[in-house]
Amino acid sequence: GDGPLAITRIRTIWPVILIDANGRAYNLRTSDLPSGKGDGTPVASMLDLAGGKIVSMVCTKPGTKVFICKNDGYGFIAPVEEMLTRQKAGKAFATVGDGVTMLPALVLEESTTAIAVLASRNRMLIVPTSEIKELGGGKGVVIVSLHDGDSVLDMAPARDKMVLLGKAKNGKAASTEIKGEEMARYHGKRANAGRLVAGKFETLLKFRNY
């Protein structure tokens, strides 16, 4: 049942930042990672995870900003430097409440001006990054308003064209493409509920990666 969590290019001078389900951030040096083929070295042997499950990996240059979001709709933007630590036990970074799950961190390019968020009930909201607080950690602010029992499913940098993947009413995989003037329908202020995505979907699941 194992599979890759994340694959990325990295320079040897950049740290590898891992974030667990409890919101703790851990660092590895690229020089400590095994090279070549094989299964690699278990992360738990290099860090003191204390039972925390790794849910996200960040590898990027200094000065980059990262969007942190949880499935309860709260999130914030943080400079990557705020995730750095020399402690094997990591550092408390994002505040995660009971029953809340961390989503994979989103590295923001300089050209990113808005973030698309996909939520339960087939809703999508595109939020300007200018409305999202930049913090050094903590709980964050409401990114998208959720009904009781709903959650954030996925997030991605907003582009001129977005492809959403899900499941049709007949149980088969389905997708829809949103672009042009139709994309403008989903732009809104932070903490809005978003809008229903049109299409023959039973359930929307995620954005297609580019």
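Two strands count as paired here if DSSP finds at least two bridges between them. I start with that because the opening part of this talk is about paired strands, and the pairing rule is the one just given. The model is a predicted one.

Take the sheet that holds β1 and β2. This open sheet has 4 strands, in the order β3-β1-β2-β6, and the pairing is antiparallel. At the edges stand β3, residues 54-58, and β6, residues 91-92; each has a single partner strand, so one side of each is left without a neighbour in the sheet. Inside that order, β1 covers residues 16-20 and β2 covers residues 24-28, and the two pair in the antiparallel sense over 4 bridges. For one position to look at on the screen, find Ile 17, which stands opposite Asn 27 in β2.

Now the other sheet I want to show. It is also open, with 4 strands and antiparallel pairing, and its order is β11-β8-β9-β14. Which strands stand at the edges here? They are β11 and β14, the latter being residues 195-196, and since each has a single partner strand, one side of each is left without a neighbour in the sheet. Strand β8, residues 114-119, pairs with strand β9, residues 123-128, in the antiparallel sense over 6 bridges. In this pair, Ile 115 stands opposite Val 127 in β9.

On to the pockets. Rolling a probe the size of a water molecule over the atoms shows where empty space is left.

The largest pocket has a volume of about 1,600 Å³. It is lined by 49 residues, and those closest to its centre are Ala 105, Leu 106, Val 107, Leu 108 and Pro 157. The elements that give two or more residues to this lining are β3, β7 (106-108), β11 (152-157) and β15 (201-207). So edge strands turn up again: β3 from one sheet and β11 from the other. By class, the lining has 26 nonpolar, 12 polar and 11 charged residues.

The second largest pocket has a volume of about 830 Å³. Which of its 27 lining residues are the closest to its centre? Leu 5, Ala 6, Leu 18, Val 43 and Met 57 are. Two or more residues of the lining come from each of β1 and β3, strands that are next to one another in the order β3-β1-β2-β6. This lining divides into 17 nonpolar, 7 polar and 3 charged residues.

To close, β3 is on the list for the largest pocket and on the list for the second largest pocket.

Definitions and conventions: Residues numbered from 1 in each chain as written. Predicted model: local features only at pLDDT ≥ 70, side-chain atom pairs only at ≥ 80, totals over all residues. Heavy atoms only, no water. 1 Å grid on protein atoms, 1.4 Å probe; cavity = no way out; pocket = protein on both sides within 12 Å on 5 of 7 lines; lining within 4 Å. Points joined across faces, edges and corners; volume = space filled by probe spheres on them. Nonpolar A, V, L, I, M, F, W, Y, C, P; charged D, E, K, R; others polar.
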